[in-house]
Every structure is written in C-alpha cells, then in structure tokens.
Amino acid sequence: RIEDKNLSNKPNKLPFDPKKFAVLDLNLQFKNANYDSTINLDLKRLSLSINNKLNLKEFKGKLNLSDKGFNANDLELLFNNSVLKANLSAECENLMDFKNLANNVYVNGKISECKLVKNDFVLFVPKAKPYLVDADLKGDIRGTFGNIKTENLKIKVGSNTILEGSGSIKGLPTINQTLLDLKVDRLNTTSTELKQLLSFTKLPKEINQLGRINFKGTFFGFVNDFVAAGTLNTDIGSIVTDLKIGFGKDPKNAKYSGTIQAIGLNLGRFLKTNLVGTLTANLKLQGSGFTLDNVNSKISGTIDRFDLNNYRFRDIKVDGTLDKKLFNGKLAIDDECLFLDFLGKVDFNDAKNPIYDFNASILNADLQALNLTKEKMIISLDGYFDVHGLKVEDLVGNLNLTNLQIQNEKGTYQIPAI
C-alpha cells in the first residue's frame, strides 16, 4: 500500500485516489537489463492491479527509460479492456510532466493496433464521460495528446463509423472543444450513429433522412463549427461542398455560407414534403436553417433540374432569398414547357392558398404539363401578378397583363392587354 501523507488529505475528484492506493498481484519478468544513465531492458511481462480498478493485465516490450521519458519497441499493453500495440516514444522535461500528460509529454509512435474503451479513461477524466466513445485506431502519431498530428490514420467508432486520413487534432479529450484539421480520405457513418456520437449537441431531425453517409475531402474546425470541402454521398443524393457551418446553441438554426453542388438530392424526402422532389444544382448560399420551417438564406446560382409540383424543371437561374417557404428574388427558366423571366416573390407558407406578387415574362407555359390545370392550356404573356390561390381557376387578386396569348383545345386567343 502506497500513501503520500503530504497530499492524501487534499480533495480527490477521481474515482480512485492517486495519492493513496494499493498495488495488488504484481508480476514482473524481464531480461538483459542494464543501467547507464538510462535503464534498458527486455520486459517480458508486467502486470498489476491498483485498488482493483486499474488493471494492467499485460505490459511488455523492449524499453529504454530515463528521466526524460521512454522509448518502447514492440510494445504490447493491455489495460483493463483497452489494448495498445505499437512502437512508441514519449519525451518530457522531467517525469513530473506526466502529471499533465495531455500537454507536456511529446509522443511519437507507429500504432499497429489500439482499442480504446471509454470506461477505462473515465477513471482519469470523469467530466469527459459524455464526450468519450469506444474506438479502434491505427496509424502514425506525433505530438502531445492534447495537440496531436496523424498520418495514415484509421479510426473505427461504433458499428458503422470509419475515418481514414491524416491531419491534426487539438484539444482532446474534450470532444466539443477539439479543433480538427483533417484530410479525409474516407469517412463512413450513418445518420443514426452520427446522432449518437454527437449526443452533446442536438442535430436537426431531418438528419435522419440521410441514411448512410460517406465523405471525402477536408475538414477544419470543431464538430459543431467547421468548414467542410469535399464530396458527401448519402442515401438521398450527393453534395459537393465548400461550406462553413456553425450549429451554435440551436442546431435547428445552424448558420452556413459557401458553395454547394447538389447531385440528385431528394429534397422531398429530406424535408418530408410532396411539393418538391429531386434537385441538381450549383448554388452559393449564405444564411441559416435547413428546413422549410426555419430556413432563411440568400441563394444564387444555376439549377440544372428541380422537381416541383410533380414536374421536373430544367435550366433555372436563381438569385434571391428563401425565408421559410417564401422566395423573393430573380428567377429565369428556360424549360421546354416554360420560358420565364421572373422578379418578385412567391409565398407557399400557406400551402392551400399560396401568394404570388411578381413581374414576369412568360412564353409557352404549358399549364397542363406543369400540373396546374387538368385541361390543355398554353399561355404567353408579360405582366404583373398580385394574386393568391392554389390553382389557376381559384386565383384571386390583381393582374396587369399585356401580350397575352392563350392556346387550348378550342383554339388560340390573343388579347393585347388586361
């Protein structure tokens, strides 16, 4: 039993007292030991238990020890349920630096196997328990535990999350304060597991629709405030991003800015609405919110195709703002069923009674193909619209129309002005 009488009366926040403890079941086997300012030995086995809570089940390797740290080749360590196999060195000014392991001890290593069980590390950092996870990793590392650089890194967390890449990680073990600067060769996860890993922040419920998630690119920032540039593939489509995202205190109103290329993105499934469908576009965004209930964003760019009201529009140019279900800005459509030059706003916040307030030039708008009328009707016109209603026959409000041409099954009608 070991006790430091000068320190043992001080309050202890850990589950065990490092100043007063019992070493049990000590087993030490080594050979070829020598000492010449440093200790060199071939450690065949070291095992022990501290208060029956810290169980070093096996520790072996070729060791070089000094007051400046240690070097361990062919290291194998089994601590409680955690495992480490590596060639590893640790450097410090003096052994007292190990009291601040995260910042004062420089580590360099090639890790062939490492299994980290969160319950083993909660013994040392109990406050970090909500942020710690079980993990398997291998790769090359250098730096302090609190500021570590990696190469050829592979991490597996949970059942479905795998990260492969290189970069730097600063701020461990507190995940929500950890700065990541990563080149991601592969990141696989699922929406379900992502919510579990980021349980300390409430993600939008629409994340559930993403299903399987794969990302390749670069990532810089914190887990809830970052810049991501790369390709994201999901079950509802793909996105190429160069985007800054900050979840803040309310993830539902996450802020973002940057560019996004959507490829076959099923917005209808993501937003749980039949009003819209698949989107393929190149857009510049700046705003907040991810759903039609809270989005407030500036949008500009080109939409190659977009499903709206069960019709697929093509070749759309957009420059405006989207505030929930209200669009206000410029829109140009060059589609086989509609040529449109639009300036104004459309408000679908009341889905049964949408509001239209805009100037427009319309050429060859096939209202039947656009699912706006049951009968054949093709319209061309220039005009100002200040109306509301879901279907053409239900519209109420003010119109100022010129160069009006209407074509239906009975014929073609031209009206100079209304």
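The side chains of Asp140 and Asn152 are joined by a polar contact of 3.3 Å. I should say at once that the model before you is predicted. Asp140 itself sits in strand 9, which covers residues 135-144. Its side chain has a further polar contact, with the side chain of Lys110, at 3.4 Å. If we set aside neighbours within four places in sequence, the residues in contact with Asp140 are Gly109, Lys110, Lys149, Thr150, Glu151 and Asn152. Both polar partners, Lys110 and Asn152, thus appear in that list of contacts.

Thr150, one of the residues in contact with Asp140, takes us to the interior space of the model. The structure holds 1 cavity of 30 Å³ or more. The space in the largest cavity comes to about 30 Å³. Which residues line the largest cavity? They are Thr150, Leu153, Leu163, Gly165, Ser166, Leu182 and Lys183. Strand 10, strand 11 and strand 12, the last of these spanning 179-190, are the elements that each give two or more residues to this lining. Strand 11 contributes the most, with 3 residues. By character, the lining of the largest cavity divides into 3 nonpolar residues, 3 polar and 1 charged.

Two of those strands are also linked by a salt bridge. Glu164 pairs with Lys154, and the closest N and O atoms are 3.9 Å apart. Here distant parts of the chain are brought together: Glu164 belongs to strand 11, residues 161-170, and Lys154 to strand 10, residues 147-157, with their positions 10 residues apart in sequence. Are these two residues buried or exposed? Glu164 has a relative accessibility of 22% and therefore counts as partly exposed. Lys154, with a relative accessible area of 34%, is likewise partly exposed.

Let me now turn to salt bridges elsewhere in the chain. How many salt bridges does the structure hold? There are 13. Among them is the pair formed by the side chains of Lys60 and Glu58, with an N to O distance of 4.0 Å. The side chain of Lys60 also meets that of Glu76 in a salt bridge, here at 3.9 Å from N to O. Lys60 lies in strand 5, residues 54-66, and Glu76 in strand 6, residues 69-79, so this pair ties together parts that are 16 residues apart in sequence. As for exposure, Lys60 has a relative accessible area of 27% and is partly exposed. Glu58, at 27% relative accessibility, also counts as partly exposed. Glu76 is partly exposed too, with a relative accessible area of 30%. Through shared partners, the salt bridges join Glu58, Lys60 and Glu76 into one network.

My last topic is a pocket. The second largest pocket has a volume of about 410 Å³. Its lining is made up of 20 residues. Which of these lie nearest the centre of the pocket? The residues in question are Lys205, Glu206, Leu271, Thr291 and Asp293. Taken as a whole, the lining of the second largest pocket comprises 8 nonpolar, 5 polar and 7 charged residues.

To recapitulate, I have described Asp140 with its polar contacts to Lys110 and Asn152. I then moved to the largest cavity, where strand 11 gives the most to the lining, and to the salt bridge between Glu164 and Lys154. The network of Glu58, Lys60 and Glu76 followed, and the second largest pocket, with its lining of 20 residues, came at the end.

How values were computed: Residues numbered from 1 in each chain as written. Predicted model: local features only at pLDDT ≥ 70, side-chain atom pairs only at ≥ 80, totals over all residues. Heavy atoms only, no water. Buried < 20%, exposed > 50% of the residue type's maximum accessible area, 1.4 Å probe, protein only. Helix = DSSP H or I, 4+ residues; strand = E, 2+ residues; numbered from the N terminus. 1 Å grid on protein atoms, 1.4 Å probe; cavity = no way out; pocket = protein on both sides within 12 Å on 5 of 7 lines; lining within 4 Å. Points joined across faces, edges and corners; volume = space filled by probe spheres on them. Nonpolar A, V, L, I, M, F, W, Y, C, P; charged D, E, K, R; others polar. Polar contact = N/O pair within 3.5 Å; in protein donor to acceptor, adjacent residues only side chain to side chain. Contact = heavy atoms within 4.5 Å.
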